[in-house]
Amino acid sequence: MKIVGSIYRDMVISAACCLDNNKETVNNLNVFPVPDGDTGINMSLTMSGVRGDYENFDGNLGEAAQKAANLMLRGARGNSGVILSLFFRGIAKAWKEENAADCEEVIEGFKKGVSEAYRAVMNPTEGTILTVMRVMTETAEDAVHKGIVREVPDLFHFMYKAAEETLNKTPEMLPILKQAGVVDSGGAGFLCVMEGMVKCLDGAPVKAVESASKPKENASADFSTFNTDDIKYAYCTECIVTKSEKYAGEDTADALHQFIMKLGDSVVFVDDSEIIKLHVHTNKPGKVLTEALRYGSLYTVKIENMKHQHSNLSEDKEESETEENIPEEINDGPVPIEKKYGFVTVCMGDGIHSLFSDLAADNIVSGGQTMNPSTEDIVSAVEKTPAEIVFVLPNNKNIYMVSEQASRIVDSRRVVVIETVSVPEGIAAMLSFDESASVEDNIAAMKEAVSNVTTLSSTYAVRDTEIGDTAIKAGETLGLYNGKIVCTSDERLTCIEGLLTKVNDASLVTILYGEGSNEDEANAVAEILTEKFPGAEIMVLNGGQPVYSYIISIE
């Protein structure tokens, strides 16, 4: 047996469903007890694109692998999601010219996947998803070369077992995993991917578990409660293009593919030797057809107004569909360049959002702990920034890799990602920016400003655990010093006092209070800080951030 395009497609879809069904289990393996255990969600969202139009994709192995990789790459969220998407991107690169894959080709694809994933991480740590991918592939390669495994289904069973064994060893590789009594969450997510693939080859592909809230089979959806404003793109646009002689052959219309991806969502794109078949939800159907005509003649065209379809279903005739009802195009290609420098920053909370706006951030992507934006979210924000050079401030360690990935996709302007891992670091970076300075001098200044910032924060424990010598109980307040848990307490103010024992000096302090706190308590925190640092300038702002009751910047 060999893997062909349709088999690979079904294997990837089964893997996505298996991952989605187990995302909460993967989330709960998060080492730290803070409420940001979103590894499973990030990995599941990364693969979620293959559970839509990809199900109808009909191409050879190379095409199927490329399609899956493209969907995952743009939807990648969080570090584990980026690593997973790059693994599949490597497979696609190895199989680009393949119509089918036997054991040798499978190993070559997975080796390339591991290589691509490792390239994204500057200092790989043993005991993570990368280790599970690598050891599994190395073990399988040895088995194939020795003739222990000769058939593709047997190879995937062998790889699953090797991945499982490696995952179970991760606590021995990373002491913090052993201390918490868990295996690596990213590795566990990858094992779900392998499980889905194996079950598909066994003839029992994994299906997405139906939600308990799903209506009964005989129930009818109440369309009258659905708001048409929620329809982001109004026109379902499909066409088949008979290729002109200039574009004859496979994979000659990638530019058209990229063009329509920027005009909407739900994109399906088949680039065959003689025809192009595309599907997209967009607000600019005319632009889609005009661009498509550059590649040949239109064989079939179908455009449906989804808002109008909704109106018919709800039988609501009070308000007719008009052009004005259609939402403004969100990402109709890169905006024109009007200045030298621009900023894209990531944050959560109305107050923090306003703060970055006041500092002249051009575009702000909503995201942070528990809600990591996708690669496409960052790309869209960058392309909507009218600058020749766009600085991206991720402000979270789990968004840095996604930002880096976005910087490699954008080709309409230069993108510079500054490695900020907290909101205070992002603020410091923007305050150090000098519009008259060169890009290199600004990068150096921002990095220096970031290095001078200490971030203190408080949140709550979501479960009992042990970190180092610290026993933590669910519900306790946790104090974090530059992202590391250093104290716990039943009282927030006591926890803040514990955090301050780690800081010796301060000239500027900014207190951002959020979920669970209030202005009165924040002022009490300010008094504690004033007593600790009598000469420091102290500001109190309502950040409105979720998860963290306080984020305190100390410079």
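A residue counts as buried when its relative accessible area is under 20%. Y54, at 1%, therefore falls on the buried side of that cut-off. F57 is buried too, because its relative accessibility is just 5%. All of this is read from a predicted model.

These two residues also meet through their rings. A pair of aromatic rings is described by the distance of the centres and the angle of the planes. The chain has 12 aromatic pairs in total. One of them is formed by Y54 and F57, with 5.9 Å from centre to centre and 20° between the planes, and it counts as stacked. Elsewhere, ring pairs tie F87, F88, F110, F156 and F190 together into a cluster.

Stepping back to the chain as a whole, 52% of its 555 residues are buried. Its accessible surface adds up to about 25400 Å², and carbon and sulfur atoms account for 47% of that. The secondary structure consists of 20 helices and 16 strands. If we take contacts between residues at least 6 apart in sequence, 71% of them bring together residues at least 24 apart.

What about the nonpolar interior? The largest nonpolar core has 92 residues, and the members touching the most others are Y8, V12, M47, F88 and F156. Helix α10 (residues 185-201) supplies the largest share of this core, with 10 residues. F156, already met in the ring cluster, is in contact with I3, M11, V106, F110, M194, M197, V198 and L201, once neighbours within four places in sequence are set aside. A separate core of 25 residues lies apart from the largest one, and I352, L393, I418 and V450 are among its members.

Now for a sheet. Four strands make up an open sheet in the order β6-β5-β7-β8, and their pairing is parallel. Why is one side of β6 and of β8 left without a neighbour in the sheet? Both β6 (363-366) and β8 (414-417) stand at the edges and have a single partner strand each, so nothing in the sheet flanks them on the other side. On average, neighbouring strands here are turned by 20° against each other, ignoring direction. Strand β7 (residues 387-393) pairs with β8 in the parallel sense over 4 bridges, and V392 sits opposite V417 of β8. Helix α14 (residues 350-358) packs on this sheet, where it touches β5 (339-347) and β6. The direction of α14 makes about 170° with that of β5.

Definitions and conventions. Residues are numbered from 1 along each chain as its sequence is written. This is a predicted model: local features need pLDDT of at least 70, side-chain atom pairs count only at pLDDT 80 or more; totals for chains, interfaces and linings use all residues. Side-chain values use heavy atoms; hydrogens and water are left out. Helices (H or I, at least four residues) and strands (E, at least two) are DSSP runs, numbered from the N terminus. Buried means under 20% relative accessible area, exposed over 50%, partly exposed in between (1.4 Å probe, protein chains only). Contact means heavy atoms within 4.5 Å. Accessible areas come from the Shrake-Rupley method with a 1.4 Å probe; for residues, only the protein chains shown count as cover. Two strands pair if DSSP finds at least two bridges between them. Axes are lines fitted to C-alpha atoms, for helices over the stretch in contact, and angles run from 0 to 180 degrees between N-to-C directions. Rings of Phe, Tyr and Trp (its six-membered ring) pair if their centres lie within 6.5 Å; planes under 30 degrees apart count as stacked, over 60 as edge-to-face and the rest as tilted. A nonpolar core is a set of buried Ala, Val, Leu, Ile, Met, Phe, Trp, Tyr and Cys residues joined through side-chain atoms within 4.5 Å.
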